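Here are my notes for you to read alongside the model. Take the points in order and find each spot as you go.

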Amino acid sequence: MKILAIESSCDETATAIIENQHYLISNSISSQIKIHQKYGGVVPELASRNHLYAIIPLLEDAIKPLIKEDSKTSKAEDYAKYISENIDAIAVTKGPGLMGSLLVGVMAAKTLAMVFKKPLIGVHHIEGHIFANFLKEKTEENKTLPSYPFVCLVVSGGHTDLVYVEKESQYTYIGRTRDDAAGECFDKAARYLGLGYPGGPIIEKVAQKGNPYFLKFPKVNLRSNQEDCDLDFSFSGLKTEVTMYKEKLPINASSSSDKDRFFSRAGKRAVKNISLPDLTACLQESIVNILVDNTVKAAKKCKTNTILMAGGVSANRRLREVMASKCHENNLKLFYPPIKYCTDNAAMIAAAAYPKLLKKSFDDFNLTPASRINL
Ligand code: KG4
Ligand code: ZN
């Protein structure tokens with residue numbers, strides 16, 4: 001069975017086709033990074049307008065490699081014939097995300113489902129990210145996939161959540177950020193330091209030349225009497241910490257070379273000068289340690305020996321490295337998707353839709369996107 005999926009929740013228009021639960025047979029993404037870069041973040045109106053331009057070409061891109069080249073019929077007829085004869089369901093991200101962006105994907109999916117009389121499946125974006133861990137390429141027949149139960153750290157631009165998944169489709173939030181998401185912290189810090197957008201991959205690159213132990217950012221203590229909040233996160237303080245270094249006394253700000261840029265923080269603590277690579281490395285280390293500590297704690301609390309990571313920030317190599325080492329120490333199994341499936345894509349939406357196709361859990365044409373919905 002095959003599913004054609006669409007993802008358009010933020011600034012990536014993406015389409016994909018998967019076959020039989022895990023196998024990805026087509027995957028196309030059009031990124032709007034260049035459009036939003038000059039604003040230092042995603043501009044919702046620009047995002048939805050550009051999804052409109054991209055959606056039809058992207059649907060064609062997903063199907064093109066699967067159509068026989070010797071076909072004599074017109075392109076449009078080829079695409080229509082392919083969908084009609086091969087696709088068993090149309091899946092789409094229903095939320096959370098930017099309303100205007102989601103609407104483009106949902107309307108395209110509804111139209112395809114209506115015209116070709118295929119079942120429609122709305123997928124929660126976070127469920128999609130989790131399912132990126134269950135994808136296989138055709139060449140990865142023997143790849144080991146995670147088994148239930150597990151704890152998943154979902155860590156992206158809009159989310160930092162710990163989700164306990166006892167069995168398929170049974171999700172329990174056990175921790176979440178109280179303020180900024182980890183990706184948002186990377187993005188805002190990068191913008192503040194004049195490094196560009198998206199901040200995560202840029203900070204990761206600059207941090208490679210820095211010393212992550214140069215200084216320790218203060219760890220936020222989420223004082224709470226409720227045991228339920230043990231696994232929550234907070235990142236807004238780290239962002240503020242970075243802005244403090246930038247605001248106070250840049251020593252040789254006239255230098256244009258990144259490695260020579262120094263920031264210092266004059267406050268209650270001693271004044272300390274720090275280079276841009278060291279500052280980004282310490283910020284990254286701090287974010288990574290907070291994520292790893294809570295995730296390992298969550299696995300112990302839920303008595304599972306399996307940890308998954310998902311979402312854009314799980315592409316971060318330092319996070320993967322530290323999480324792998326902590327999992328090894330604690331005898332835990334760790335899974336994370338290949339880097340290209342960590343950030344937004346439609347393959348993960350198709351993978352999450354597959355169990356719903358098997359269970360015939362379909363949506364009707366009243367499916368409405370929502371900017372905020374729970375799993
Ligand atoms: O999952 P995603 O593509 O979109 C959302 O659902 O939000 O995640 C995007 C986020 C951005 O904040 C971006 O800076 C971050 O993921 N990101 C990274 C890396 N690659 C992307 N953060 C840290 N290190 C990376 N290598
Ligand atoms: Zn995402």
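What spacing do the donors of the zinc ion (ligand 2) follow along the chain? They follow H-x3-H-x214-D.

Before going further, keep in mind that this is a predicted model, where local features need pLDDT of at least 70 and side-chain atom pairs count only at pLDDT 80 or more, while totals for chains, interfaces and linings use all residues. Residues are numbered from 1 along each chain as its sequence is written, chains are lettered from A and ligands numbered from 1 in the order in which they are written, and side-chain values use heavy atoms, with hydrogens and water left out.

1. **The zinc donors.** His125 (NE2), His129 (NE2) and Asp344 (OD) are the protein donors of the zinc ion (ligand 2), at 2.0 to 2.1 Å from it. Donors are N, O and S atoms within 2.8 Å of the metal (3.2 Å for Na, K and Ca); water is not among the atoms, so sites may look incomplete.

2. **What the zinc site joins.** His125 sits in helix α5 (residues 125–131) and Asp344 in the loop between β13 (333–335) and α11 (347–358), so this pair ties together parts that are 219 residues apart in sequence. Helices (H or I, at least four residues) and strands (E, at least two) are DSSP runs, numbered from the N terminus. His125 is buried at 6% relative accessibility, and Asp344 is buried at 12%. Buried means under 20% relative accessible area, exposed over 50%, and partly exposed in between (1.4 Å probe, protein chains only).

3. **Contacts of ligand 1.** One oxygen atom of ligand 1 is 2.8 Å from a polar backbone atom of Gly157. For Asp187, an N or O atom in the side chain is 2.7 Å from an oxygen atom of the ligand. The protein covers 89% of the 560 Å² of accessible area that ligand 1 has on its own; such areas come from the Shrake-Rupley method with a 1.4 Å probe, and for residues only the protein chains shown count as cover.

4. **Two cis peptide bonds to look up.** Gly95 and Pro96 are joined by a cis peptide bond with omega of about -5°, and Pro96 is in the loop between β4 (89–95) and α4 (99–116). The bond from Tyr197 to Pro198 is also cis, with omega near -10°. For background, most peptide bonds are trans.

5. **Positive phi.** Asn331, which is not a glycine, has a positive phi near 60°. Asn331 is exposed, with a relative accessible area of 68%. Lys360 has a positive phi of about 55° and is exposed at 63%.

Technical notes. Polar contact = N/O pair within 3.5 Å; in protein donor to acceptor, adjacent residues only side chain to side chain.
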